[in-house]
Amino acid sequence: MKSTMGGLQLPDNNKRLIEDVFHELRSILSSILSSVELIELYAENNGKERLPASEKINRQAGAIKMQVVELEYQLQNVKIIQHILNNTLNLKKVPGGIVHLLKGLFLDERYQTIFSANVVFNVRKEPADMLVDEALIKQLVLNILFRMEKNAVSGKEPVLTFNFEDTYFEIKGEYVASSVNHFVSSSLKTGDQEKFQFATSSPDQGISYLMAYVARLHGGTFDITAAQERTIEILVRVPYKM
């Protein structure tokens, strides 16, 4: 099963896309609140349980840190969507080394501890400076990473591969879906090249559309393929010149 996302437009039901993102925001805030409540409980029960309260508190503090980073990333999604709906999204393309830009993302301390994906860079030909909107490209990669981390089966690391070919660079995300429902809904039904209908109402479908939009803004393509044994592949290709 394969879906190719094309066309510089969002779904007809734009309200649904916004609701999907805000659903994710509410889930994150609920998780943060639960973690804080657990920390308070551990502090109250200090010395009454075999596992030291400090160890439990440190574990929950790490979870809160991860959730705050995810909250920041989701708020950035809201900002981008709002600009798109208001027709105020102006690409700020600047010349820069795309390899250096993408590698720098994984040197950011905020993301080093929260992603378990195995990241691979295959640089066949490092391109000359190309014009990209750095913030949007970074957000595209983060959306792929968060989708894989959230939906991958436990114990099997997702793989994110960057391939730099002669005329384009490629972002490939591969993971094994943790549920059959997610696997089935990962391939989106397409109408024609300019208009797509979602297979389900899953929030992942809305975010997938946003990722496709960013890829198309850079003259690229966005595909999701569901293969056998619940393997999902996300594939983005962006030309060096457009």
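Me: Which side chain does E165 meet in a salt bridge?
Reply: R124. The N to O distance is 3.1 Å. Bear in mind that this is a predicted model.

Me: Where do E165 and R124 sit in the chain?
Reply: E165 is in the loop between β5 and β6 (168-176). R124 is in the loop between β3 (118-123) and β4 (130-133). The two are 41 residues apart, so the pair links distant parts of the chain.

Me: What else does R124 form a salt bridge with?
Reply: D166. The closest N and O atoms there are 3.7 Å apart. D166 lies in the loop between β5 and β6 and R124 in the loop between β3 and β4, so this pair ties together parts 42 residues apart in sequence. R124, E165 and D166 are thus linked in a network of salt bridges.

Me: Is R124 buried or exposed?
Reply: Exposed, because its relative accessible area is 61% and the cut-off is over 50%. D166 is partly exposed, at 41%.

Me: How many salt bridges does the count come to?
Reply: Three. One of them joins R237 and E170, with the closest N and O atoms 2.6 Å apart. R237 is in strand β8 (residues 231-239) and E170 in strand β6. They are 67 residues apart.

Me: Buried or exposed, that E170?
Reply: E170 is buried, with a relative accessible area of 5%. Its partner R237 is partly exposed, at 36%.

Me: Switching to aromatics. How many pairs does a search of the whole structure find?
Reply: Eight aromatic pairs. One of them is F106 with F162. The ring centres are 5.9 Å apart.

Me: Why is the F106 and F162 pair called edge-to-face?
Reply: Because their planes are at 65 degrees, and over 60 counts as edge-to-face.

Me: And where are those two in the chain?
Reply: F106 lies in the loop between α3 (98-105) and α4 (109-112). F162 is in strand β5 (residues 159-164). The pair therefore ties together parts that are 56 residues apart in sequence. F162 is buried, with a relative accessible area of 0%.

Me: What about Y111 and F115, how are their rings arranged?
Reply: Their centres are 6.1 Å apart and the planes are at 25 degrees, so that pair is stacked. Both residues are buried.

Me: Which residues form the aromatic cluster?
Reply: F106, F121, F162, F164 and F169.

Me: What sits over the ring of F121?
Reply: The charged end of K103, 5.5 Å from the ring centre.

Me: On to α3. Which of its residues are buried?
Reply: I98, V99, L101, L102 and L105. Seen down the axis of α3, they fall within an arc of 165 degrees, so they line one face of the helix.

Me: Last topic, pockets. What volume does the largest pocket have?
Reply: About 420 Å³. It is lined by 27 residues. Nearest its centre lie E70, F146, R147, E149 and K150.

Me: Which helix gives the most to that lining?
Reply: α5, with six residues. At least two residues of the lining come from each of α1 (14-44), α2 (53-85), α5 (134-151) and α7 (203-217).

Methods
Residues are numbered from 1 along each chain as its sequence is written. This is a predicted model: local features need pLDDT of at least 70, side-chain atom pairs count only at pLDDT 80 or more; totals for chains, interfaces and linings use all residues. Side-chain values use heavy atoms; hydrogens and water are left out. Rings of Phe, Tyr and Trp (its six-membered ring) pair if their centres lie within 6.5 Å; planes under 30 degrees apart count as stacked, over 60 as edge-to-face and the rest as tilted. Helices (H or I, at least four residues) and strands (E, at least two) are DSSP runs, numbered from the N terminus. Buried means under 20% relative accessible area, exposed over 50%, partly exposed in between (1.4 Å probe, protein chains only). A charge sits over a ring if NZ of Lys or CZ of Arg is within 6 Å of the ring centre and within 35 degrees of the ring normal. A salt bridge is a side-chain nitrogen of Lys or Arg within 4 Å of a carboxyl oxygen of Asp or Glu. The arc is that of the directions from the helix axis to the C-beta atoms. On a 1 Å grid over the protein atoms alone, a cavity is a set of points where a 1.4 Å probe fits but cannot get out, and a pocket is an open set with protein on both sides within 12 Å along at least five of seven lines; lining residues have an atom within 4 Å of a point. Grid points are joined across faces, edges and corners, and a volume is the space filled by probe spheres set on the points.
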